[in-house]
Every structure is written in structure tokens, then in C-alpha cells.
Amino acid sequence: MSVTQQFLLDSYRAAQHGGPTPPAPGQHDWQAVREVRDYGRFRAVLAERPAHGRVRAALSRLMRGSVARTPRPLP
């Protein structure tokens, strides 16, 4: 059974029983991804280790900026 078929079946059942309809498939996907990412960062803080990604991104920005500022030698 596909996600769409399950959604339609759940909507039909909700209408028969007078309940609220479920959210459409894919409506909260990005919210779930953000919550998983935030949970991982939270667990990193509890474990007293740096949350990966922020420091790495900052260092890469610094490296890109410093590389772009250095003059190239003439051939």
C-alpha cells in the first residue's frame, strides 16, 4: 500500500468516525529532519563533546576566505 493510499484510507476512516483528518503525506518532513538534527546536537552537548558541523563550517569558511585572499604567483 502506498503512502497516498494509506492517507486516503485514514481520511475516510476519520470522516466515518467524525475525527480530524490526518496531515497530508510529506507535510512535516523537513520539520522531522530538523528535530533529528537538533536532537543529535543536544546529545553531543550532554556528552560534553562539540556538536559537529558548526566548527567545521566555520573553519571551511575561514579557509576559503584566506585562500581567496592570497595572491597567485605569476607563471
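# Chat about a three-helix chain

Tutor: Let's start with Leu46, which sits in helix H2, residues 29-46. Keep in mind that this is a predicted model.

Student: OK. How many residues does H2 have, and how far does it reach?

Tutor: H2 has 18 residues. From first C-alpha to last, H2 spans 26 Å, close to the 26 Å expected at 1.5 Å a residue.

Student: What comes just after H2?

Tutor: Glu48 does something there: its phi is positive, about 55°.

Student: Back to Leu46. Which residues make a nonpolar surface patch with it?

Tutor: Tyr39 and Phe42 join Leu46 in that patch. The patch covers about 350 Å².

Student: Why might residues along a helix point the same way?

Tutor: An α-helix has 3.6 residues a turn, so residues three or four places apart point the same way.

Student: New topic. How many salt bridges are in the whole structure?

Tutor: A search finds one. Arg37 pairs with Asp38, and their closest N and O atoms are 3.6 Å apart.

Student: Is Arg37 buried or exposed?

Tutor: Arg37 counts as partly exposed, because its relative accessibility is 41%. Asp38 is also partly exposed, at 41%.

Student: And the whole chain? What pattern does it follow?

Tutor: The pattern is α-α-α along the sequence. That gives three helices and zero strands.

Student: How much of the chain counts as buried?

Tutor: Of its 75 residues, 5%.

Student: What about the accessible surface?

Tutor: The chain's total is about 7100 Å². Carbon and sulfur atoms account for 61% of that.

Notes: Residues numbered from 1 in each chain as written. Predicted model: local features only at pLDDT ≥ 70, side-chain atom pairs only at ≥ 80, totals over all residues. Heavy atoms only, no water. Patch = residues over 30% accessible without salt bridge, like charges linked within 9 Å, V, L, I, M, F, W, Y side chains within 5 Å. Areas by Shrake-Rupley, 256 points an atom, 1.4 Å probe, with all protein chains shown as cover. Salt bridge = Lys/Arg side-chain N within 4 Å of Asp/Glu carboxyl O. Helix = DSSP H or I, 4+ residues; strand = E, 2+ residues; numbered from the N terminus. Buried < 20%, exposed > 50% of the residue type's maximum accessible area, 1.4 Å probe, protein only. Expected span 1.5 Å × (residues − 1).
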